[in-house]
Amino acid sequence: MASGSCACHFISYSASTPPTCLVNCHCKTCRRQAGAPYQTWAFFATKDLQWHINPTERQSTNAATRSFCPQCGSTLSMIQHRDPKSIGIAAGTLDEGNTQIPMPSHHIFLSEKASWFKLPENDAAKRWDKWGKYDKL
């Protein structure tokens, strides 16, 4: 079981399984949305996640639809159009006490990484300039 919410707790979700993997995305869209050097996504099977109140969705790029809380603006999810069977949940929204959370396994879109951010040397995460190859499910 996994659960989480936005910062103001207006939007919450639960999943029948823990996340399958965590991925740190360094693309410009994720960085701007997170206001940080990268966005960490926790992946779930879309069918396993239930929103208690649906977040607001927006088409952020041609590659993905993202969601956020309409009250506090928290980033909540991303569904890549090429893989609608999985959903990335902003890892910072997970309730840690209720969820088994794996360590991040990949850094993706390093070709767009913030020049002022230095990657940790010994984090054991694989590194990719673009999408990379990883199993989300």
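This section describes a predicted model, taking in turn a sheet, the nonpolar cores, a pair of buried polar residues, the salt bridges and two residues with unusual backbone angles.

An open sheet of three strands is found in the order β1-β2-β5, and the pairing within this sheet is antiparallel. The edge positions are taken by β1, which spans residues 2-5, and by β5, which spans residues 49-51; each of these has a single partner strand, so one side of each is left without a neighbour in the sheet. From one strand to the next, the twist averages 15 degrees. The pairing of β1 with strand β2, which covers residues 12-15, is antiparallel and runs over four bridges, and S5 has S12 of β2 as its bridge partner. The loop between β1 and β2 holds H9, a residue that is not a glycine and yet has a positive phi of about 70 degrees. H9 is exposed, because its relative accessible area of 59% lies over the 50% required for that class.

The largest nonpolar core comprises 16 residues, and within this core the residues that touch the most other members are F44, L49, W51 and I89. Two or more residues are given to the core by each of β2, β4 (39-45), β5 and β9 (86-90). Apart from neighbours within four places in sequence, the contacts of I89 are with Y13, T40, W41, A42, F44, L49, W51, L76 and S77. I89 therefore touches F44, L49 and W51, which stand with I89 among the core residues that touch the most other members. A second core, separate from this one, consists of twelve residues, among them C21, C27, M78 and A90. As a general tendency, nonpolar side chains in soluble globular proteins are buried together.

Polar side chains are also found in buried positions, and N24 offers one example, with a relative accessible area of 4%. This residue is placed in strand β3, which covers residues 21-25, and the side chain of N24 makes a polar contact of 2.6 Å with the side chain of T40. When residues up to four places away in sequence are not counted, N24 touches Y38, Q39, T40, P104, H106, H107 and I108. T40 is thus both a polar partner of N24 and a contact of I89.

H107, which is among the residues touched by N24, is located in strand β10, residues 104-108. H107 counts as buried because its relative accessible area is 1%, a value under the 20% that sets the limit for burial. The side chain of H107 is joined to that of H26 by a polar contact of 3.0 Å. Beyond four places in sequence, H107 is in contact with N24, H26, L119, D123, A125, K126, R127 and W128.

One of these contacts, A125, belongs to the loop between β10 and β11 (126-127), and at 8% relative accessibility A125 is buried. With residues up to four places away in sequence set aside, A125 touches P104, S105, H106 and H107. The C-alpha atoms of A125 and A36 are 19 Å apart in space, while the two residues are 89 residues apart in sequence. A124 is placed in the loop between β10 and β11 as well, but A124 is exposed, at 75% relative accessibility. Although A124 is not a glycine, its phi is positive, at about 65 degrees.

Three salt bridges are counted in the model; in general, side chains of opposite charge can pair when their charged atoms come close. In the salt bridge between D48 and K47, the N to O distance is 3.2 Å, and the two partners differ in exposure, since D48 is buried with a relative accessible area of 17%, whereas K47 is exposed at 73%. In the salt bridge between K118 and E121, the closest N and O atoms are 3.5 Å apart; K118 is exposed, with a relative accessible area of 63%, and E121 is likewise exposed, at 64%. The salt bridge between D123 and R127 has an N to O distance of 3.0 Å, and its partners are partly exposed, with relative accessible areas of 26% for D123 and 35% for R127. Both D123 and R127 are also in contact with the buried residue H107.

Notes: Residues are numbered from 1 along each chain as its sequence is written. This is a predicted model: local features need pLDDT of at least 70, side-chain atom pairs count only at pLDDT 80 or more; totals for chains, interfaces and linings use all residues. Side-chain values use heavy atoms; hydrogens and water are left out. Buried means under 20% relative accessible area, exposed over 50%, partly exposed in between (1.4 Å probe, protein chains only). A polar contact is a pair of N or O atoms within 3.5 Å; within protein, one must be able to donate a hydrogen and the other to accept it, and residues adjacent in sequence count only if both atoms are side-chain atoms. Contact means heavy atoms within 4.5 Å. Two strands pair if DSSP finds at least two bridges between them. Axes are lines fitted to C-alpha atoms, for helices over the stretch in contact, and angles run from 0 to 180 degrees between N-to-C directions. A nonpolar core is a set of buried Ala, Val, Leu, Ile, Met, Phe, Trp, Tyr and Cys residues joined through side-chain atoms within 4.5 Å. A salt bridge is a side-chain nitrogen of Lys or Arg within 4 Å of a carboxyl oxygen of Asp or Glu.
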